[in-house]
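Let's take a walk through this structure together, one piece at a time. Keep the picture open while you read.

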Amino acid sequence: MSTPNPDADQPMRDALQRDATQVPKPDFDPQLHYSTMRRIREREGPSVPQWNLIPLFTSAVVVALLASIAFWQMRSSPENKIATPSQPDRSLPTTVPPTVSRASLLAYQTAANEGDAALFALLDRDATSLLPASDPVFTTPLP
Amino acid sequence: MSATPSEQHADLIALARGGDLEAFSRLMEELQAQLMGQALAFCGDHQRAQDLVQETMIAAWKSLPRFDGSCRFFTWLYVILLRQHRRALGWFSRRLPLATLEQQASANRAEAATTSEAPNPEAAEAELLRAMLAALPARHREVVRLRFYAEAGEAEIATALGISTGTVKSRLHHALTKLRRMKEKMNHLRGGAH
């Protein structure tokens, strides 16, 4: 690697300094000045400054996102599912599938022999296959 | 080139930084001729130089709140001018090979010889120097221009460009070495051509 020699660059420094003195010095150009200032004023005028647009846009995006999340949650909540008319009410007795087979006559006889509690339990079980679980007959006490 | 009396403009700069467009306009009235002279030296074409000055003024107004007074206002403005010029050149800002530079210089000399009675060797040398400057990498060219054409000190250049003083010294040294070698090669090419 060669050792830097500052003197070697001196002629080039002199040439650059000489050239810098020869840079033209034109007169003030009013037309250029006023057209430039007009362009700057146009940019400054009615438009919203650029630094305001960024937070404005961010806020709009955040609000839209929150609104869509809230709407989605409302739509997917179970209460709304029941209230939606387009969806069938699965609690209606006509749609409840008879998953539990009803007791036979022998089962009723056996339950009656065991006592009232067993008989009522069997009746309740069979009734649930015909009526919804939310039917008042299951919640209101017997007279 | 005389130094810009930026200290005299301190009040105008302060007002302009606060958003006073009239103060900025008065400031630019003072500095436009200097900017235009430098732009003409870069472009060599009046129309392109005017466009460059206009874009520089607009960019300066937009960036003015970021000017912290750590360097002269003209130096700061000159950096914007340099960068606008580089951006305007785009793909054409790539360096040209020396042979192309010599061809251009020869063509210019031939053109000058047909239009004027006596060729001006000083003008030809100045043209060659500017062509060599244009052939430097942008990071070297801007340091040379700031040092010699904007008369900025090394520390001031460092502040204006956001680099260390050591980097400025290093870039300046490399730039001058490259220019010297280019000059030697150009002389060699000229010698071979004659």
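**Two chains of helices**

In chain B, α3(B) and α4(B) lie oblique to each other. Keep in mind that everything here comes from a predicted model. Why oblique? The two helices pack at an angle of about 125°, and an angle between 115 and 145 degrees is neither roughly perpendicular nor roughly antiparallel, so it counts as oblique. Their axes are 9 Å apart, and the crossing of α3(B) and α4(B) is right-handed.

Now zoom in on the residues that make this contact. From α3(B) come B:L52, B:E55, B:T56, B:A59, B:A60 and B:S63, while α4(B) brings B:L77, B:I80, B:L81, B:Q84, B:H85 and B:A88. Sort the residues of this contact by class, and you get seven nonpolar, four polar and one charged.

Stay with α4(B), which spans residues 73–89, and look for another partner. It also packs against helix α8 of chain B, residues 154–161, at an angle of about 55° and with the axes 10 Å apart. That pair is therefore oblique as well, and α4(B) passes α8(B) in a right-handed crossing. The meeting point has B:T75, B:W76 and B:V79 on the α4(B) side and B:E156, B:A160 and B:L161 on the α8(B) side. By class, that contact holds four nonpolar residues, one polar and one charged.

Next, find α7(B). How many of its 12 residues are buried? The count is 10, so "mostly covered" is a fair description, given that a residue is called buried when 20 or more other C-beta atoms lie within 10 Å of its own. The buried ones are B:H140, B:R141, B:E142, B:V143, B:V144, B:R145, B:L146, B:R147, B:F148 and B:Y149. You can also check the length of α7(B): at 1.5 Å a residue, its 12 residues should span 16 Å, and the end C-alpha atoms are 15 Å apart, which agrees.

Follow the chain past α7(B) and you come to B:E151, with a positive phi near 55°. What's odd about that? Most residues other than glycine have a negative phi. B:E151 has its positive phi although it is not a glycine. This residue sits in the loop between α7 and α8 of chain B. B:E151 is partly exposed, because 18 other C-beta atoms lie within 10 Å of it, and a residue needs 20 or more to count as buried.

Time to step back and look at chain B as a whole. It has nine helices and zero strands, so reading from the N terminus just gives α-α-α-α-α-α-α-α-α. Of its 194 residues, 36% are buried. Take the contacts in chain B with a separation of 6 or more: residues 24 or more positions apart account for 64% of them.

Chain A is built from helices too, with seven of them and zero strands, and its pattern along the sequence is α-α-α-α-α-α-α. Buried residues make up 3% of its 143 residues. Helix α5 of chain A, residues 105–114, shows you what being hardly covered looks like: zero of its 10 residues are buried. Just after α5(A) comes A:G115, which takes a positive phi of about 135°.

One of the residues to look for in chain A is A:M12, in helix α1 (residues 10–21). Is A:M12 buried or exposed? It is buried, because 22 other C-beta atoms lie within 10 Å of it. And who is it touching? Leaving aside neighbours within four places in sequence, A:M12 is in contact with B:L176, B:L179 and B:R180.

That brings us to the place where the two chains meet. The contact takes 28 residues from chain B and 27 residues from chain A. On the chain B side, the elements giving two or more residues are α2 (21–43), α3 (46–63), α6 (121–135), α7 (138–149) and α9 (165–193). Which of these elements gives the most? It is α2(B), with 11 residues. By class, the side of chain B that touches chain A has 18 nonpolar, eight polar and two charged residues.

Conventions: Residues are numbered from 1 along each chain as its sequence is written. Chains are lettered from A and ligands numbered from 1 in the order in which they are written. This is a predicted model: local features need pLDDT of at least 70, side-chain atom pairs count only at pLDDT 80 or more; totals for chains, interfaces and linings use all residues. Two residues are in contact if their C-beta atoms, placed from the backbone, lie within 7 Å. Helices (H or I, at least four residues) and strands (E, at least two) are DSSP runs, numbered from the N terminus. Ala, Val, Leu, Ile, Met, Phe, Trp, Tyr, Cys and Pro count as nonpolar, Asp, Glu, Lys and Arg as charged, and the others, Gly among them, as polar. Axes are lines fitted to C-alpha atoms, for helices over the stretch in contact, and angles run from 0 to 180 degrees between N-to-C directions. Angles under 35 degrees count as roughly parallel, over 145 as roughly antiparallel, 65 to 115 as roughly perpendicular and the rest as oblique. A crossing is left-handed if the near helix is turned anticlockwise from the far one by less than a right angle, and right-handed if clockwise. The expected span of a helix is 1.5 Å times one less than its number of residues.
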